[in-house]
Amino acid sequence: MHSHLSFENPPALPHEVVVETLERALRDRSAEGKAAEVLVGTALNDDDAEFIEHWCIQVGTRAVSGSPLLGLAGLCLGHTARRFGRLSDEALALAQSLSARAETDPADVDGRAVDGFDDVRSFLHLW
């Protein structure tokens, strides 16, 4: 008997749900799993680039060291660069910083931040 696993990207949710979920996770690490799903769904499917960037920056600057949300924020900035072809200077600096932290100490920020910054460089034609 074979079991077929499938994965579907999470949908974009209403902004008020995104804000509530991410704020909760930034206060309570037990809520990080749901927040990760919400952040990815927003980065992949929301059409408001500024909203996506804002929340990637919030998560990437406020999550505690070791939180999986840090690497995910960097990865989602890469998705944002791919989808919209631009990032603010603040978002670009954060993507670079998270990537550098991941390369220095993967226990601080996981490697998804490196992948995200690779996407930023590729899609924004940097370096």
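Here is a friendly exchange about the helices of this predicted model.

Biologist: How many residues of α3 are buried?

Modeller: Helix α3 covers residues 49-62, which makes 14 residues. Among the buried ones are Phe 51, Ile 52, Trp 55, Cys 56 and Val 59. The helix is largely enclosed by the rest of the structure, because the number of its 14 residues that are buried is ten.

Biologist: Nice. Which helices do the buried residues of α3 pack against?

Modeller: The buried set includes Ala 49, Glu 53, Ile 57, Gln 58 and Gly 60. Those buried residues of α3 find their partners in α1 (15-27), α2 (32-45), α4 (68-84) and α5 (89-104).

Biologist: What distance does α3 reach from its first C-alpha to its last?

Modeller: Let's start from the expected value: at 1.5 Å a residue, a span of 20 Å is expected for α3. The model comes close to that, and the reach from first C-alpha to last is 20 Å.

Biologist: And which residue caps the N-terminal end of α3?

Modeller: Look for a side-chain oxygen beside the backbone nitrogen of Glu 50. The two atoms lie 3.2 Å apart, and the oxygen belongs to Asp 48.

Biologist: Are α4 and α6 roughly parallel or roughly antiparallel?

Modeller: The axes of α4 and α6 (residues 112-123) come within 7 Å and cross at roughly 15°. Angles under 35 degrees count as roughly parallel. Therefore α4 and α6 are roughly parallel.

Biologist: Which residues of α6 does α4 meet there?

Modeller: α4 passes α6 in a left-handed crossing. From α4 come Pro 68, Gly 71, Leu 72, Gly 74, Leu 75, Leu 77, Gly 78, Ala 81 and Arg 82. On the α6 side they meet Arg 112, Ala 113, Asp 115, Gly 116, Asp 119, Val 120 and Phe 123.

Biologist: Back to α3: which residues of α2 make the contact with it?

Modeller: The axes of α2 and α3 come within 9 Å and cross at roughly 150°, and α2 passes α3 in a left-handed crossing. On the α3 side, the contact is made by Phe 51, Ile 52, Trp 55, Cys 56 and Val 59. Their partners in α2 are Leu 39, Thr 42 and Ala 43.

Biologist: One last residue: is Ala 36 buried or partly exposed?

Modeller: Ala 36 lies in helix α2, and leaving aside residues up to four places away in sequence, Ala 36 touches Leu 69 and Leu 72. Buried means under 20% relative accessible area. Ala 36 has 22% relative accessibility, so Ala 36 counts as partly exposed.

Methods. Residues numbered from 1 in each chain as written. Predicted model: local features only at pLDDT ≥ 70, side-chain atom pairs only at ≥ 80, totals over all residues. Heavy atoms only, no water. Helix = DSSP H or I, 4+ residues; strand = E, 2+ residues; numbered from the N terminus. Expected span 1.5 Å × (residues − 1). Buried < 20%, exposed > 50% of the residue type's maximum accessible area, 1.4 Å probe, protein only. Contact = heavy atoms within 4.5 Å. Polar contact = N/O pair within 3.5 Å; in protein donor to acceptor, adjacent residues only side chain to side chain. Axes fitted to C-alpha atoms, helices over the stretch in contact; angles between N-to-C directions. Parallel < 35°, antiparallel > 145°, perpendicular 65-115°, else oblique. Left-handed = near helix turned anticlockwise from the far one by under 90°.
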